[in-house]
Amino acid sequence: MNTKDDKNLQELIISRLDLSKHMSADEIRELIDVEIQKESKKRHLDVRIREEIGREIFHSVRQLGILQELIENPEITEIMVNGTQSIFIEQKGKLKQLDICFDSTEKLKHVIWQITAGCNRVVNEASPIVDARLPDGARVNVVLDPIAINGPILTIRRFPPDPITIDQLLRMGSLTEECKDLLEKQVQEGCNILVSGGTGSGKTTFLNILSQFIPKTERVITIEDSAELQIRNIPNLVSLETRNANVEGCREITIRDLIRTSLRMRPDRIIVGEVRGKEAVDMLQSVNVGHSAMTTVHANSVRDVVSRLETMVLMGMEMPLSAIRKQIVSGFDLMVHLGRLKDGSRRVLEIAEPLEIREGEVIMRTIYRLEQKGIPANEKK
């Protein structure tokens, strides 16, 4: 049989399946096998073809279609679906276009609806942009047409099934032993740490690594737009996730709401996946009233973090810049900046400590910096 015949047979069998009632994965597989057996009596289907068709049908009706095998490949860290035109992946730090794509917009939207329904998110013409996640914690972003001119856009960022450890970073050359010792001490002492970097620089992964140093006796509250953190060594762990408003009358629950309520949950430490808006006000206030916290922010450098935080605070509250800067200096003990080099590797580029306000500007002491040639250099100014 050729590929076209395979597709026609798959669509024929799918049309005969009764999926109106809830069934387990095993029940669906059994139903598919029965239909394939019926069809094999009408036409010759060897074992290999039957297995392939059965797997494809199951992926189509229960899992993520042609994306399932990509998601199961541990070497693929990012999947980018550009409508029905193309699919790109990031593998070992390099982008690559695949020779597969979705047959129709309907099939792609079916996959998108499966993903969003699985984490109680809604995406439609009224709300065409949504952030979601897969059961394994992979981050998902969806932009539907007509906002996306070339069709539904689906981007999936995957994380390793087992969190990366600090020792792995040392072996990869992402940081030095001295940095590791400093970070471990700071986390164990309950210092407030802000991790900055651009998109794909590894900020969430680095938060996971820092969390491995948190004493097991602490009560930790994590706050995220979509749950991505993989914290496994803390028995007293509470994970909070935002919620979008929906047509059923459920109101929106924002990062700001979660930070505020977390302060009443007797936290020893608060971990906010990312600060990107008005919640910067609540984040700064929490670290300035004695709460231990770690968070991330998009920024181009350690010193750029200050202006980014200023902008986000002003989105939520009218406040003099001098007051914001004082809160940044008194609130955060350490700032760690990550970057992605041209070879695809992710490195700790700089670690700095906010010291004081001098002539209205935040003065920082650089503790560690990775030189442009890739040679680590310690600076103590």
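Q: Does Glu310 count as buried or exposed?
A: We are looking at a predicted model, and Glu310 is placed in its helix H11. The relative accessibility of Glu310 is 8%. Buried means under 20%, so Glu310 counts as buried.

Q: Which residue joins its side chain to that of Glu310 in a polar contact of 2.4 Å?
A: Leaving aside neighbours within four places in sequence, Glu310 is in contact with Leu321, Ile324 and Arg325. One of these residues also makes a polar contact with Glu310, side chain to side chain, at 2.4 Å. That partner is Arg325.

Q: What is the average pLDDT of the chain?
A: Let's check how confident the predictor is. In this chain, 88% of the residues score at least 70. Residues 374–381 have a pLDDT below 50, although this stretch has 19 contacts in the model beyond near neighbours in sequence. Where pLDDT is low, the predicted coordinates should not be read in detail; for the chain, the average is 85.

Q: How many strands are in the secondary structure of the chain?
A: The chain has 381 residues, and 46% of them are buried. Its secondary structure includes twelve helices. Alongside these helices, the number of strands is 15.

Q: What share of the contacts with a separation of 6 or more comes from residues 24 or more positions apart?
A: Here we count contacts in the chain whose residues have a separation of 6 or more. Within that set, we pick out the pairs that are 24 or more positions apart. Their share is 51%.

Q: Which helix gives the largest share of the core?
A: The largest nonpolar core has 35 residues, and the members that touch the most others are Ile223, Val272, Leu309 and Met335. One helix, spanning residues 302–316, supplies six residues to this core. A second, separate core has 28 residues, including Val187, Ile271, Leu334 and Ile367. For the 35-residue core, the helix with the largest share is H11.

Q: How many of the nine residues in helix H10 are buried?
A: H10 covers residues 279–287 and is mostly covered. Among its buried residues are Val281, Met283 and Leu284, and also Glu279 and Asp282. The buried residues of H10 pack against H9, E10, E11, H11 and H12. The number buried in H10 is eight.

Q: What distance separates the C-alpha atoms of Phe206 and Val195?
A: Phe206 sits in helix H8, residues 203–211, and counts as buried because its relative accessibility is 3%. Beyond four places in sequence, Phe206 touches Val195, and its other contacts include Leu169, Leu183 and Val348. Phe206 and Val195 are eleven residues apart along the chain, and their C-alpha atoms are separated by 7.9 Å.

Q: Which residue joins its side chain to that of Thr366 in a polar contact of 3.1 Å?
A: Thr366 belongs to strand E14, residues 361–370, and counts as buried because its relative accessibility is 1%. Its side chain makes a polar contact of 3.0 Å with the side chain of Arg303. The side-chain partner at 3.1 Å is Glu350.

Q: How many disulfides does a search of the whole structure find?
A: A disulfide is a covalent bond between the sulfur atoms of two cysteines. Among the cysteines here, Cys179 counts as buried at 3% relative accessibility, whereas Cys101 is partly exposed at 33%. The number of disulfides found in the whole structure is zero.

Q: Which residue follows Asp145 through a cis peptide bond?
A: The bond leading on from Asp145 has an omega near 10 degrees, and it is cis. The residue that comes next lies in the loop between strand E5 (139–143) and strand E6 (153–157). That residue is Pro146.

Q: Does Glu359 count as buried or exposed?
A: Glu359 has a phi near 55 degrees, a positive value in a residue other than glycine. Its place is in the loop between E13 and E14. Exposed means over 50%; since Glu359 has a relative accessibility of 82%, it counts as exposed.

Q: What is the relative accessibility of Arg266?
A: Arg266 is not a glycine, yet its phi is positive, at about 55 degrees. Arg266 lies in the loop between H9 and E10. Arg266 counts as exposed because its relative accessibility is 55%.

Technical notes: Residues are numbered from 1 along each chain as its sequence is written. This is a predicted model: local features need pLDDT of at least 70, side-chain atom pairs count only at pLDDT 80 or more; totals for chains, interfaces and linings use all residues. Side-chain values use heavy atoms; hydrogens and water are left out. Helices (H or I, at least four residues) and strands (E, at least two) are DSSP runs, numbered from the N terminus. Buried means under 20% relative accessible area, exposed over 50%, partly exposed in between (1.4 Å probe, protein chains only). Contact means heavy atoms within 4.5 Å. pLDDT is the predictor's confidence in each residue, from 0 to 100. A polar contact is a pair of N or O atoms within 3.5 Å; within protein, one must be able to donate a hydrogen and the other to accept it, and residues adjacent in sequence count only if both atoms are side-chain atoms. A disulfide is a pair of cysteine sulfur atoms within 2.5 Å. A nonpolar core is a set of buried Ala, Val, Leu, Ile, Met, Phe, Trp, Tyr and Cys residues joined through side-chain atoms within 4.5 Å.
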